[in-house]
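Good morning, and thank you for coming. I would ask everyone to look at the structure on the screen while I go through its interior, its surface and its charged pairs.

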Amino acid sequence: MLGEWSKRDFNGRKMHPVKRYSLFFLESLIYGPTYGYLNQLIRVPEPLHPEMCWDLIQYQWHPFFNWLRLNYPPRFMRRLLLNRRLVQSHQAGIAEHYDVANEFYEAMLDEKFMFYSCADFLKSSDSLEQAQENKAQAIFDLIDPQPGDEILELGSGWCSMLRFIAAQTGEKERLHGYTLSRDQLEFNQREFGFDVEFRDFITMDYPQEGFDKIYSIGAWEHVRPREIPGVLKKLHGALKPNGRLVKHFFCLHTDKTPVSAIAGQLCFPGSELSSYQFHVDAFEKAGFRIVRRTIHDYRPTLRCWYDNLVRNRDIAIKAGRIRNYNRHLVFLAATWRFFDEGESMVVRFQLEKA
Ligand SMILES: C[S@@+](CC[C@H](N)C(=O)[O-])C[C@H]1O[C@@H](n2cnc3c(N)ncnc32)[C@H](O)[C@@H]1O
């Protein structure tokens with residue numbers, strides 16, 4: 001199999017091995033070996049072999065290559081490269097990741113809600129479906145919807161949490177959502193009819209004191225560090241007195257632009273993660289009081305999505321083409337390692353407008 005893909009390019013066209021390996025070396029030289037290596041796998045013109053892909057990405061390198069993997073390119077180059085990527089609009093980055101095809105994500109995510117965010121595996125016997133319900137219930141308790149509350153979700157995905165809240169409260173009219181994915185918007189219009197709008201929650205203006213509760217699950221990661229203070233200020237203004245902000249997202253342990261920030265552009269173009277401390281400081285500076293904070297393990301969810309994609313391979317490829325199938329296998333396995341090596345953690349905050 002490796003012999004065959006070494007002769008083809010990104011679109012499956014025949015490619016001379018010299019060109020293929022030149023591209024790999026060039027990308028590794030500019031963006032670092034992690035980027036070059038992962039992109040080389042994504043380019044395979046056939047569906048990746050699942051065990052081989054997982055093992056290649058979890059491979060324990062010789063200490064020198066491992067050092068190179070974690071330290072090249074040097075920090076000033078990482079910053080320059082990243083800054084070039086961060087000029088692209090959020091809309092373009094979101095479309096590239098999320099507008100693959102709804103059927104593709106149906107093949108990967110939990111069947112019941114299609115949550116695209118870390119689940120709460122409370123018992124080792126929990127299925128993905130059960131774990132996503134556990135998470136939904138925990139976030140529901142943090143939001144604590146009351147009759148008459150105006151509730152807004154930033155980055156509402158396939159309406160998973162909106163559906164959960166509506167089912168629990170019997171109330172749909174005061175639930176609102178924003179997304180930048182046209183596929184998700186169309187999915188909601190066709191299936192559920194929630195008040196979901198195609199809006200950029202980073203750049204938009206919010207109605208003053210328009211909401212009692214605002215929450216986001218797995219969407220805050222898309223807000224670039226320099227945008228965070230401004231968006232928090234707007235959210236603070238958009239909440240009624242004593243309003244509540246609930247946030248579930250993943251963040252870094254360090255402020256020092258890791259190599260993974262460059263490799264991450266392969267899957268989430270135009271996004272950059274911030275450090276835990278940066279978030280905490282920004283919440284407090286914007287006038288929020290931290291009421292509760294918990295930490296969660298993303299690895300079991302990532303592994304379930306990986307196994308779902310492999311199990312539903314033909315549907316996923318029909319909907320999203322080989323390129324997206326391979327890209328997601330690579331992204332899920334690489335993200336698993338990213339969490340396993342302790343580079344990032346999933347956090348959940350309940351905040352109150354002070
Ligand atoms: C990983 S999905 C999570 C979806 C959902 N919250 C869930 O838990 O399944 C991220 C969501 O954030 C949305 N999103 C990201 N950046 C956004 C922005 N600037 N404005 C609006 N929506 C955004 C995407 O469109 C997508 O719906």
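**Inside and outside the fold**

The buried residues of helix α3 are T34, Y35, G36, Y37, L38, N39, Q40, L41 and I42. Please keep in mind that this is a predicted model. Helix α3 covers residues 33-42, and because nine of its ten residues are buried, it is largely enclosed by the rest of the structure.

Two residues of that helix bring us to the pockets. T34 and L38, together with S260, A263 and G264, lie nearest the centre of the largest pocket, which is lined by 49 residues. Several elements give two or more residues to this lining: α2 (17-31), α3, α4, α5, β5 (239-252), α13 (260-263), α15 (299-311) and α16 (313-340). Which element supplies the largest share of the lining of the largest pocket? That is α16, with seven residues. The volume of the largest pocket is about 1,200 Å³. As for its chemical character, the lining has 34 nonpolar, nine polar and six charged residues.

The second largest pocket has a volume of about 160 Å³. Its lining is made of 16 residues, and those nearest the centre are R79, P225, D255, E272 and L273. By class, the lining of the second largest pocket divides into six nonpolar, four polar and six charged residues.

I now turn from pockets to cavities. How many cavities of 30 Å³ or more does a search of the whole structure find? It finds two. The largest cavity holds about 340 Å³ of space. Of the 27 residues that line the largest cavity, G155, S156, G157, G218 and A219 are the closest to its centre. At least two lining residues come from each of α7 (90-98), α10 (160-169) and β2 (175-179). Among the contributors, α7 has the largest share, three residues. The lining of the largest cavity has 13 nonpolar, eleven polar and three charged residues.

The second largest cavity holds about 40 Å³ of space. Its lining consists of H90, G93, I94, H222, F268, P269, G270 and S271. Three of these residues are nonpolar and five are polar, with no charged residue in the lining.

Let me stay for a moment with one member of that list, P269. This residue lies in the loop between α13 and α14 (276-285). Is P269 buried or exposed? P269 is buried, because its relative accessible area is 3%. To place P269 within the chain, one may compare D195: the two residues are 74 residues apart along the chain, and their C-alpha atoms are separated by 28 Å.

Next, the surface. Y59, W61, F64, F65 and W67 form a nonpolar patch there, and together they have about 570 Å² of accessible area. One of these residues, W61, is found in the loop between α4 (50-58) and α5 (63-71). W61 counts as partly exposed, because its relative accessibility is 30%.

Finally, the charged pairs. Side chains of opposite charge can pair when their charged atoms come close. The structure holds 21 salt bridges, and I have chosen a few for today.

In one of them, the side chains of E197 and R199 meet at 3.6 Å, N to O. E197 is partly exposed at 32% relative accessibility, and R199 is partly exposed as well, with a relative accessible area of 31%.

Another salt bridge joins D314 and R313, at 3.5 Å, N to O. Here D314 is exposed, with a relative accessible area of 58%, whereas R313 is partly exposed, with 35%.

A further salt bridge brings together the side chains of E341 and R337, at 2.9 Å, N to O. Salt bridges that share partners join R69, R337 and E341 into one network. Within this network, E341 is partly exposed, with a relative accessible area of 35%. Why does R337 count as buried? Residues under 20% relative accessible area are called buried, and R337 counts as buried because its relative accessibility is 7%.

To close, I return to helix α3, which is largely enclosed by the rest of the structure and gives two or more residues to the lining of the largest pocket. Thank you for your attention.

Definitions and conventions
Residues are numbered from 1 along each chain as its sequence is written. This is a predicted model: local features need pLDDT of at least 70, side-chain atom pairs count only at pLDDT 80 or more; totals for chains, interfaces and linings use all residues. Side-chain values use heavy atoms; hydrogens and water are left out. On a 1 Å grid over the protein atoms alone, a cavity is a set of points where a 1.4 Å probe fits but cannot get out, and a pocket is an open set with protein on both sides within 12 Å along at least five of seven lines; lining residues have an atom within 4 Å of a point. Grid points are joined across faces, edges and corners, and a volume is the space filled by probe spheres set on the points. Helices (H or I, at least four residues) and strands (E, at least two) are DSSP runs, numbered from the N terminus. Ala, Val, Leu, Ile, Met, Phe, Trp, Tyr, Cys and Pro count as nonpolar, Asp, Glu, Lys and Arg as charged, and the others, Gly among them, as polar. Buried means under 20% relative accessible area, exposed over 50%, partly exposed in between (1.4 Å probe, protein chains only). Patches are made of residues with over 30% relative accessible area and no salt bridge: like charges are joined within 9 Å, nonpolar side chains (Val, Leu, Ile, Met, Phe, Trp, Tyr) within 5 Å. Accessible areas come from the Shrake-Rupley method with a 1.4 Å probe; for residues, only the protein chains shown count as cover. A salt bridge is a side-chain nitrogen of Lys or Arg within 4 Å of a carboxyl oxygen of Asp or Glu.
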